[in-house]
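User: Hello! I am new to this structure and would like to know what lies behind the labels people put on it. Could we go through them together?

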Amino acid sequence: FDSKVQVVQADLFPVDGTKADLIVSNPPWIPGRIDSWLDRAIYDDNDLSFLRRFLLNAKNHLKSKQHSEVWLLLSNLAELLGLRSRKDLMEMIKAGSLEVVDVYHTRAADP
């Protein structure tokens, strides 16, 4: 497994220009004020700067435009609370020249 997968930690993307076949992100999606490092995992500022930067730049970090993928893992809590809309998300995806190929819905459950 180690020879096939390389995990890279960076502020969005590696600065050395590394490109990937698969980029996975679970970005903050709930608007709110960021007061601590933990808040950064939950909240994005009101203009969605993290999510917007990710979606606008992800395509530039894929190895192949035809065979590489971006997986976005998001809760729908912000949508359910009326804080963000699906339309906002789809517009950001389109602005990044990405397309939604599949959506997987699941419910939270206790183990």
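Analyst: Gladly. This is a predicted model, and a good place to begin is Leu73, which has a relative accessible area of 42% and is called partly exposed.

User: Why is Leu73 called partly exposed?

Analyst: Buried means under 20% and exposed means over 50%, with partly exposed in between. Leu73 has 42%, so the middle label applies. This residue sits in the loop between β4 and α3.

User: Which residues does Leu73 touch, leaving out those up to four places away in sequence?

Analyst: Leu73 touches Val24, Ser25, Asn26 and Pro27. Two of the names, Val24 and Ser25, also belong to strand β1.

User: What makes the side chains of β1 an alternating set?

Analyst: Ile23 and Ser25 point to one face and are buried, while Leu22 and Val24 point to the other face and are not buried. Strand β1 also has a partner: it pairs with β4 in the parallel sense, over four bridges.

User: How do you know that β1 and β4 count as paired?

Analyst: The rule asks for at least two bridges. There are four bridges between β1 and β4, and the pairing is parallel. As one example, the bridge partner of Val24 in β4 is Trp71.

User: Now the helices. What makes the buried residues of α2 line one face?

Analyst: The buried residues there are Leu51, Phe54 and Leu55. Seen down the axis of α2, they fall within an arc of 90°, so they line one face of the helix. Their cover includes β1, β3, β4 and α4.

User: Why are the buried residues of α4 placed on the same side?

Analyst: They are Leu89, Met92 and Ile93. Their arc around the axis is only 100°, which puts them on the same side of α4. On the other side, Lys87, Lys94 and Ala95 are exposed. The cover of the buried residues of α4 includes α2 and β4.

User: How do α2 and α4 pack?

Analyst: Their axes are 7 Å apart, at an angle of about 35°. From α2, the contact uses Leu51, Arg52, Leu55 and Leu56, and from α4 it uses Leu89, Met92, Ile93 and Ala95. By class, that contact has seven nonpolar residues, one charged residue and no polar ones.

User: How many aromatic pairs are there?

Analyst: The count comes to one aromatic pair. Its members are Phe13 and Phe54, and the pair is stacked.

User: Why are Phe13 and Phe54 called a stacked pair?

Analyst: Ring centres must lie within 6.5 Å to pair, and planes under 30 degrees apart count as stacked. Here the values are 5.5 Å centre to centre and 10° between the planes, and the pair of Phe13 and Phe54 is stacked. The two lie 41 residues apart, Phe13 in the segment before β1 and Phe54 in helix α2, and the pair links distant parts of the chain.

User: Are these two rings' residues buried or exposed?

Analyst: The cut-off for buried is under 20%. Phe13 is at 10% relative accessibility, so it counts as buried. Phe54 has a relative accessible area of 2%, so it is buried too.

User: And what is the overall pattern along the sequence?

Analyst: It reads β-β-α-β-α-β-α-α, with four helices and four strands in the protein. Of the 111 residues, 25% count as buried.

Definitions and conventions:
Residues are numbered from 1 along each chain as its sequence is written. This is a predicted model: local features need pLDDT of at least 70, side-chain atom pairs count only at pLDDT 80 or more; totals for chains, interfaces and linings use all residues. Side-chain values use heavy atoms; hydrogens and water are left out. Buried means under 20% relative accessible area, exposed over 50%, partly exposed in between (1.4 Å probe, protein chains only). The arc is that of the directions from the helix axis to the C-beta atoms. Contact means heavy atoms within 4.5 Å. Axes are lines fitted to C-alpha atoms, for helices over the stretch in contact, and angles run from 0 to 180 degrees between N-to-C directions. Ala, Val, Leu, Ile, Met, Phe, Trp, Tyr, Cys and Pro count as nonpolar, Asp, Glu, Lys and Arg as charged, and the others, Gly among them, as polar. Rings of Phe, Tyr and Trp (its six-membered ring) pair if their centres lie within 6.5 Å; planes under 30 degrees apart count as stacked, over 60 as edge-to-face and the rest as tilted.
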